[in-house]
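Trainee: Could you take me on a close look at how one helix sits against its partner here? I would be glad of the surroundings too.

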Amino acid sequence: MRKILVVGAGQSGLQIALGLQAQGYEVTLMSNRTADEIRSGRVMSTQCMFHTALQHERDIQANFWESQAPRIEGLGVSVAGPDGSRVIDWVGKLDGYAQSVDQRVKMAGWMETFAQRGGQLVIHGAAVSDLDYFSRAYDLVLVSAGKGELVSMFERDASRSPFTEPQRALSVAYVHGLGPRPEHPEFDAVRCNLVPGVGELFVMPTLTTSGRADILFWEGVPGGPLDVFQGVKDPSEHLALTLELLEKYLPWEYARATKVELTDAGGTLAGRYAPTVRKPIGRLPGGGAVLGVADVVVANDPITGQGSNSAAKCAASYISSIVEHGDRPFDEAWMQSAFDRYWDTAQWVTKWTNAMLGAPPEHVLNILGAAGQLQPVADRFANGFNDPSDFENFFYDPDKAAAYLESVAPGA
């Protein structure tokens, strides 16, 4: 039986551990926190997982919260004008629903399931020196801990990483008491609110430790008016700042947020990081090699909501590569090929995300504007969050955009 070590118990690490465990591999999972510590700790992320990523969870029978989490059936875009009005506002319908489960709920539950199914769970923060030893004891070591010392083993891929600095200052608040959007009270949707030159606000329904909630997620241009959360330690002050900015820049979202309160004392988060693609093989001082997973090797800005989706897709891709490799050694050539297979889909996420971080060119504004008049355009843009490779067909090139809009125009 092949022995595999997974370091890091996030979306990708746990999904790989559960998936390989189901295939009969002897899996050890290392986490720096227990399930109870995760469940009672601070929120770790925002997450809205679209159809393909959710299907990967179903494939390994790990979709434990599907019946409880809100079904997100649409994705809306609003653009604020200089006077605080909405110059663009529409919602596209998703072909398959999306869902968001607070990672405190999911990771804790998955970790307990892994142990209950006979997996070896080690609560220990791993250092590079630990991996030196483990690389000789296991057939394969996968590193899915996306922060800290271990990431420094993986070299930045400058050819795929146009940014050296964070492109957004990030701020999250999980709240109860948000009112429905009056435009579509009958179904749940993620709302993307764009404030040109200032930043973005994403609102998404989620399932948290205390039931249904909503996430208010500001992405601020660094140094701009939304970049005010660094150093704010008090959760109530964090929420007050969140609402103050809502009232100023997005009054239509503020109107339904006047009665919100934090889900819990750990319901806020702030930070920033530079979007980075890294080379997938980490080489250890003793000569061994480990394979980087998900955020360790492809960390995109969350502006396109792809983090947990990409982690799920990376996990599914790596599971396939491992199983198909049979009894052959997991050497560096295999590690590179496993990453290349994942990059076939990840490259489209990186391209789209990096494009969305800049000021939108005229043809993109035309697409966003047309979506308000033409439902097929709104629906196609919304479903691009599930399959970002489709943006290659109509989003980046002005001629392709014009041809597409012409093809869906009335009377075309």
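Mentor: Happy to! In this predicted model, the contact to look at is formed by Thr52, Ala53 and His56 of helix 3, which meet Asn309, Ala312, Lys313 and Ala316 of helix 8. Sorted by character, the residues of this contact are three nonpolar, three polar and one charged. Helix 3 covers residues 51-59 and helix 8 covers residues 307-324; the two pack at an angle of about 45°, and their axes lie 9 Å apart. An angle under 35 degrees would count as roughly parallel, and one of 65 to 115 as roughly perpendicular, so helix 3 and helix 8 are oblique to each other. As for handedness, helix 3 passes helix 8 in a left-handed crossing.

A general point helps when you look at the numbering in such a contact. Because an α-helix has 3.6 residues a turn, residues three or four places apart point the same way.

Let us stay on helix 8 a moment, since Ser321 also has its place there. Ser321 has a relative accessibility of 8%, and the cut-off for buried is under 20%, so Ser321 counts as buried. Leaving aside neighbours within four places in sequence, Ser321 is in contact with Trp334, Ala338 and Arg341.

For a second helix pair to set beside this one, turn to helix 10 (residues 362-370) and helix 12 (residues 398-408), which pack at an angle of about 20° with axes 9 Å apart. That angle makes helix 10 roughly parallel to helix 12. Their crossing is left-handed. Here His363, Asn366, Ile367 and Ala370 from helix 10 meet Pro398, Ala401 and Leu405 from helix 12. The residues of that contact divide into five nonpolar, two polar and no charged.

Finally, a look at helix 6, residues 235-249. At 1.5 Å a residue, its 15 residues should span 21 Å, and the end C-alpha atoms are 21 Å apart, which agrees. The buried residues in helix 6 include Pro235, His238, Leu239 and Leu241, and further along Leu245, Leu246 and Tyr249. Two of these buried residues, Pro235 and His238, turn up again among the contacts of Thr268. Thr268 is found in strand 12, residues 268-271, and is buried, with a relative accessible area of 4%. Not counting residues up to four places away in sequence, Thr268 also touches Arg42, Val43, Val172, Ala173 and Leu262.

Notes. Residues numbered from 1 in each chain as written. Predicted model: local features only at pLDDT ≥ 70, side-chain atom pairs only at ≥ 80, totals over all residues. Heavy atoms only, no water. Axes fitted to C-alpha atoms, helices over the stretch in contact; angles between N-to-C directions. Helix = DSSP H or I, 4+ residues; strand = E, 2+ residues; numbered from the N terminus. Parallel < 35°, antiparallel > 145°, perpendicular 65-115°, else oblique. Left-handed = near helix turned anticlockwise from the far one by under 90°. Contact = heavy atoms within 4.5 Å. Nonpolar A, V, L, I, M, F, W, Y, C, P; charged D, E, K, R; others polar. Expected span 1.5 Å × (residues − 1). Buried < 20%, exposed > 50% of the residue type's maximum accessible area, 1.4 Å probe, protein only.
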